[in-house]
Amino acid sequence: MHTYKSVPSTLTLSVSKTSALNKNIPKYSRSSSNSNSTHSYNLSANKNAIWVHSGDMKNVDLDLLGKYGIGNIFIHEDMFNYPTTAIDWIKNATAKGFKIHIWFTTFYNATSNKWTNPIIESSKTLNQAYFNKVISRAKYYAGISGVAGIHLDYLRYPGTSGNNASIFHYDNGKNGADAITEFVRQLSVAVKAINPKIILSAALMPEKNDAAIYYGQDAPRLGQYLDVLVPMLYEGNYGKDNAWIQSTTKWYITNSGGAEVWGGLYAYHSDKNPTRLTVAELTEDCKSVLDGGGNGVAIFRWGIVNLFNLLGIK
């Protein structure tokens, strides 16, 4: 037995990799020197994420996320309405070991409730001016110290009968899916010229092959330019079950174009029933993603989730 003259200033805890979920997660460590210390987490290879609205920037519990095995944060770009606060927050989160991804919409404006077509119908050409505008935002975020990723949302057409990707064409018959893919290619080239290590991800609809027809999201082609595909496996919205989550994840793994797949999961039942899932229910959803071969999970969202220790899933 060893005797110490004083209490050690550093405590390291190691949690074993107990399940498939941990195949890409390093052992968790926490350092603490006093009650007001800054905790740091070994999350460098973590493949789990959570969406965070900008309004939650000040109340999101980073220490809880780190402890529970979530190493990536998709935080909405509106945080930059307060740029100094945003940059300080990113610096603090990065110091704790998190990868911060700036989450923003591309072809939909939530404020005006309007969609932008990637194709100019009158001239049958790409909407390049709009592409450039969005890409400029992405380049700005990619150049901020501490930003590890860009997360694209609404990277699509609405999918309605009168406004789906397949009915719009440009340049010798190329359609809406070609336009979405070309936009992602251009954005990827632009942001990786600024930061070659930037992680480019996108939330995708879960309709597999049909997603290219209706939404313009051709997963195998998008995966050539994205680092991570995040299919939105919101089973409650589709009246589906865990078997569907597993099989859909498997399809996206098979058709990822070389990108990783992080299964996107609601933390609640559905848009019509925003009651939180229990820990047991959300655990089963996470297991279904992993059983389908997913590299990790992304949970929507902070503020309406019963969090649990992802490192303890069996």
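**Close-up views of a predicted model**

Lys124 is partly exposed, at 47% relative accessibility. The model shown in these views is predicted.

**View 1. Lys124 has a positive phi in a loop.** The loop runs between strand S6 (119-120) and strand S7 (125-126). Phi of Lys124 is near 55 degrees, and Lys124 is not a glycine. Most residues other than glycine have a negative phi.

**View 2. Asp171 also sits in a loop, with a positive phi.** Strand S9 (169-170) comes before this loop and strand S10 (174-175) comes after. Phi of Asp171 is about 40 degrees, although Asp171 is not a glycine. Asp171 counts as partly exposed because its relative accessibility is 41%, between the 20% and 50% limits.

**View 3. Eight strands form a closed barrel.** The order is S1-S2-S3-S8-S11-S12-S13-S14, and the pairing is parallel. On average, neighbouring strands of this sheet are turned by 25 degrees against each other, direction ignored. Within the barrel, S3 (residues 99-105) pairs with S8 (residues 147-153) over six bridges, in the parallel sense. Ile102 stands opposite Ile150 in S8. Helix H2 packs on the sheet and touches strand S2 (72-76), S3 and S8. The direction of H2 makes about 135 degrees with that of S3.

**View 4. Ile102 belongs to the largest nonpolar core.** This core holds 95 residues. Ile50, Ile73, Trp89 and Ile102 touch the most other members. Beyond its neighbours within four places in sequence, Ile102 is in contact with residues including Ile75, Met79, Phe80, Ile90, Val147 and Ile150. Glu77 and His151 are also among the contacts of Ile102. In soluble globular proteins, nonpolar side chains tend to be buried together.

**View 5. Ala95 lies in helix H2 and is exposed.** Helix H2 covers residues 83-95. Ala95 counts as exposed because its relative accessible area is 54%, over the 50% limit. Tyr41 is 54 residues away from Ala95 in sequence. In space, the two are 8.8 Å apart, C-alpha to C-alpha.

**View 6. Glu235 is buried and has no salt bridge.** Glu235 is part of helix H7 (residues 235-238). The nearest side chain of opposite charge is Lys240, 10 Å away. Not counting residues up to four places away in sequence, Glu235 touches Lys240, Asp241, Asn242, Trp244, Ile245 and Asp285.

**View 7. A cis peptide bond joins Phe300 and Arg301.** Omega is about 5 degrees. Arg301 is found in the segment after strand S14 (296-300). Most peptide bonds are trans.

Methods: Residues numbered from 1 in each chain as written. Predicted model: local features only at pLDDT ≥ 70, side-chain atom pairs only at ≥ 80, totals over all residues. Heavy atoms only, no water. Helix = DSSP H or I, 4+ residues; strand = E, 2+ residues; numbered from the N terminus. Buried < 20%, exposed > 50% of the residue type's maximum accessible area, 1.4 Å probe, protein only. Lys, Arg positive; Asp, Glu negative; His and termini not counted. Salt bridge = Lys/Arg side-chain N within 4 Å of Asp/Glu carboxyl O. Contact = heavy atoms within 4.5 Å. Core = buried A, V, L, I, M, F, W, Y, C linked by side-chain atoms within 4.5 Å. Pairing = 2+ DSSP bridges. Axes fitted to C-alpha atoms, helices over the stretch in contact; angles between N-to-C directions.
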